[in-house]
Amino acid sequence: MAASSEHVETASTVTDPPEVHHTEAPETTRAQETSDPEPTGQEPDPDEDEDEDEDGGEPPGPKIRDTPEDIKLEAIANTVALHPSRDVLVCGDVDGDVYAFSYSCTEGENKELWSSGHHMKSCRQVRFSSDGLKLYSVSRDKAVHMLDAERGQLVTRIRGAHDAPINSLLLVDENILATGDDKGTLKVWDMRRGMAFMDLKHHEDYISDIAVDQAKRILLTASGDGTMGVFNIKRRRFELLSEFQSGDLTSVAIMKRGKKVVCGSSEGTIYIFNWNGFGATSDRFAIKAESIECIAPITDNIMCTASMDGYIRAINLLPNRVLGCIGQHIGEPIEELAKSWDTRFLASSAHDQLIKFWDISGLPNQTVDEYRKRKKKGGRMKSLTKKAHGDNDFFSGLVEETDKKEDVEEDDEEEEDSDSGSD
């Protein structure tokens, strides 16, 4: 039986700018005006005027930071998405609430724009449409919502979109939506009709992530059963499953201009597939991380990964290298990463109930040596941002200088089970 779709006109909570009250000058000002003048014959001290000019001048302007300030939430955010053309982000939390914020490098200028509480259970993922006008969300309550991204108003709700809680979401184009649930079912929706034209179950466990090729023809799914699924949207059919990998596959991304597919795993290994060679991996790359929960492609070769250990790592693909540390939520598992529209910032959400921002503007300029060099054990990853090892890390600069003097790389983060070092 098809899931019911409904159009709704529901108001959300919009945060208005504070009102400015204009008041009369206080009585103390008038009292000063009517106070006794200086005694006759005593001339004012010229040095006092100079001191007033020096100390009582214009107040300092607002502080400009390298990155926006952290955004503190009321609950853990499972998901975060950044607007495709503006400095706006949206996040969904474990209570089912969705929040929109504007962000800025000017201190004190992060603002809550609106909030929506239409989901009855935990919001699992949110995604903007390519024009930034629509926002889609999926939840443990098995519903798919489409909201007006400007005001946060609910436009369309598909109740009971899946028989199991929905875990993953991908916008194929302006009208086509793909969703995956906790029992391994993939559905592809035409949102103009509010109906699914593909409903396939070939995974034995939850679908953790979905990706699509540039031609919008092939859907790839990562699953907790350790396999990657391949589905043809144009022909509306299942193609194949990859061989089983060790641990859950937690994320999937397309790299190298569509020539490679990478999957993160719960055991901290990145599995690499050739395009059109989806049955078996062509390479694998293990890093010293508890897991790889999320992959955010930055360039054709460089991606950022988030882990349960709280670290965000920058990784080069082929040759496989850990470039260094972008940042961390100290001791807190990271749920999701999102890249800003101008590739200047990376946003991360974690169990510390914070949205943090990291400057990744220099990441595309990173170079990778084909030859791997040894680094003494016990060292830590190279810092790629000022906040990489904490906001107040006094020794971070010293560590980087020491690394340069020793002329060694950060490859202590790599295990020696990468099967290949080139395309």
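Biologist: How many bridges join strand β18 to β19?

Modeller: In this predicted model, 4 bridges join β18, which covers residues 228–232, to β19. The two strands run antiparallel.

Biologist: Which residue stands opposite Arg237 of β19?

Modeller: Asn232 stands opposite Arg237 in β19.

Biologist: What is the strand order in the sheet that holds β18 and β19?

Modeller: The order is β16-β17-β18-β19. These 4 strands form an open sheet with antiparallel pairing.

Biologist: Which strands are at the edges there?

Modeller: The edge strands are β16, residues 207–212, and β19, residues 237–241. Each of them pairs on one side only.

Biologist: And by how much are neighbouring strands of this sheet turned against each other?

Modeller: On average, the turn between neighbouring strands is 25°, with direction ignored.

Biologist: Let us move to the sheet with β20. What is its strand order, and is it open or closed?

Modeller: That sheet is open and has 4 strands in the order β20-β21-β22-β23. The pairing is antiparallel.

Biologist: Where do its edge strands lie in the sequence?

Modeller: Edge strand β20 spans 249–255, and edge strand β23 spans 283–286. Each pairs on one side only.

Biologist: What is the average twist from one strand to the next?

Modeller: The twist from one strand to the next averages 20°.

Biologist: How many bridges join β21 to β22?

Modeller: There are 5 bridges between β21, residues 260–265, and β22, residues 269–274. These strands run antiparallel.

Biologist: Which residue of β22 does Lys260 stand opposite?

Modeller: Lys260 stands opposite Asn274 in β22.

Methods: Residues numbered from 1 in each chain as written. Predicted model: local features only at pLDDT ≥ 70, side-chain atom pairs only at ≥ 80, totals over all residues. Heavy atoms only, no water. Pairing = 2+ DSSP bridges. Axes fitted to C-alpha atoms, helices over the stretch in contact; angles between N-to-C directions.
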